Amino acid sequence: MFTGIVEELGELTELRALDDAARLSIRGKTVTEGTRHGDSIAVNGVCLTVVDVDGDVFTADVMKETLDRTTLGSLVPGARVNLERAVRADQRLGGHIVQGHVDGTGTVAAREPAEHWETVRFTLPPGIARYVVEKGSIAVDGVSLTVAALHDDGFSVGLIPTTLSLTTLGLRRPGDPVNLEVDVIAKYVERLTEAHRSGAAS
């Protein structure tokens, strides 16, 4: 489990294509400290299992389904990525519960700079729009954000200078794709209420 609080901006050093997968090598000085084979690191919001660590570079395998469903397959060497290690039980939950299981991808629709922050609008796939509510939480490329407003085809968030400078969201431009993970609690509530309604109907 993750919290959506990015620990550092890493760099993709290599993407090696395999038959039905890919192996990523990523440089991250902070997230490799104390990291071992089998540990979990979220890369742009995608939970990956560490295969090997060599200095400040770790490698992880990504299966074809993940490459198809997320933006990881479009990365090129030199790309900056958001990195977060799995949270420990004794740590503060600074953002919200993030599983690292991407629900879909959207795109940056528009950016509106202000004096002290920036409003960024994202498109939202219809299949997951029902889980997004105003003032609720959503993870964009692994960053825990609060939904500022809903639109017919997406949502907007307000980004403070810290988020703009310490995550990839400060680098994204209109048209760029992003990984989206909705609040898992909303999905469980829907599932449970569906079961309840089905039982009542029968």
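**Close-up views of a predicted model**

Thr 168 is buried, its relative accessible area being 0%. The legends below describe a predicted model, and they begin with this threonine.

**View 1. The surroundings of Thr 168, a residue of the loop between α2 (161–166) and β12 (177–182).** Because buried means a relative accessible area under 20%, the value of 0% places Thr 168 in that class. When neighbours within four places in sequence are left aside, the residues in contact with Thr 168 are Leu 9, Asn 44, Arg 80, Val 81, Asn 82 and Asp 141. Two of these, Asn 82 and Asp 141, also appear in the lining of the largest cavity, which is the topic of the next view.

**View 2. The largest cavity, with a space of about 30 Å³.** A search of the whole structure finds one cavity of 30 Å³ or more. Its lining is made up of Val 6, Ala 42, Gly 45, Asn 82, Leu 83, Glu 84, Asp 141 and Gly 142. Strand β6 (residues 80–85) supplies the largest share of this lining, with three residues. Sorted by class, the lining residues of the largest cavity are three nonpolar, three polar and two charged.

**View 3. The salt bridge between Asp 141 and Arg 172, with the closest N and O atoms 3.1 Å apart.** Asp 141 belongs to the loop between β9 (137–140) and β10 (143–151), while Arg 172 belongs to the loop between α2 and β12, so the salt bridge ties together parts that are 31 residues apart in sequence. Both partners, Asp 141 and Arg 172, are buried. Elsewhere, salt bridges that share partners join Glu 11, Arg 27 and Asp 56 into one network.

**View 4. Two further salt bridges, from a count that comes to twelve.** In one of them, the side chains of Lys 187 and Asp 103 meet at 2.8 Å, N to O. This pair links distant parts of the chain, since Lys 187 is in helix α3 (residues 184–201) and Asp 103 is in the loop between β6 and β7 (104–113), 84 residues apart. Lys 187 counts as partly exposed because its relative accessibility is 23%, and Asp 103 likewise counts as partly exposed, at 26%. In the other salt bridge, Arg 111 is paired with Glu 118, and the closest N and O atoms are 2.6 Å apart; here Arg 111 and Glu 118 are both buried.

**View 5. The largest pocket, with a volume of about 350 Å³.** The lining of this pocket has 15 residues, of which Glu 7, Arg 85, Ala 86, Val 87 and Gln 91 are the closest to the centre. By class, the lining of the largest pocket holds three nonpolar, five polar and seven charged residues.

**View 6. The second largest pocket, with a volume of about 280 Å³.** Among the 14 residues that line the second largest pocket, Ile 5, Val 143, Ser 144, Ile 160 and Thr 163 are the closest to its centre. Two or more lining residues come from each of the elements β10, β11 (154–159) and α2, and β10 gives the largest share, four residues. The lining of the second largest pocket divides into seven nonpolar and seven polar residues, with no charged residue, whereas the lining of the largest pocket includes seven charged residues.

Terms used. Residues numbered from 1 in each chain as written. Predicted model: local features only at pLDDT ≥ 70, side-chain atom pairs only at ≥ 80, totals over all residues. Heavy atoms only, no water. Buried < 20%, exposed > 50% of the residue type's maximum accessible area, 1.4 Å probe, protein only. Contact = heavy atoms within 4.5 Å. 1 Å grid on protein atoms, 1.4 Å probe; cavity = no way out; pocket = protein on both sides within 12 Å on 5 of 7 lines; lining within 4 Å. Points joined across faces, edges and corners; volume = space filled by probe spheres on them. Nonpolar A, V, L, I, M, F, W, Y, C, P; charged D, E, K, R; others polar. Salt bridge = Lys/Arg side-chain N within 4 Å of Asp/Glu carboxyl O.
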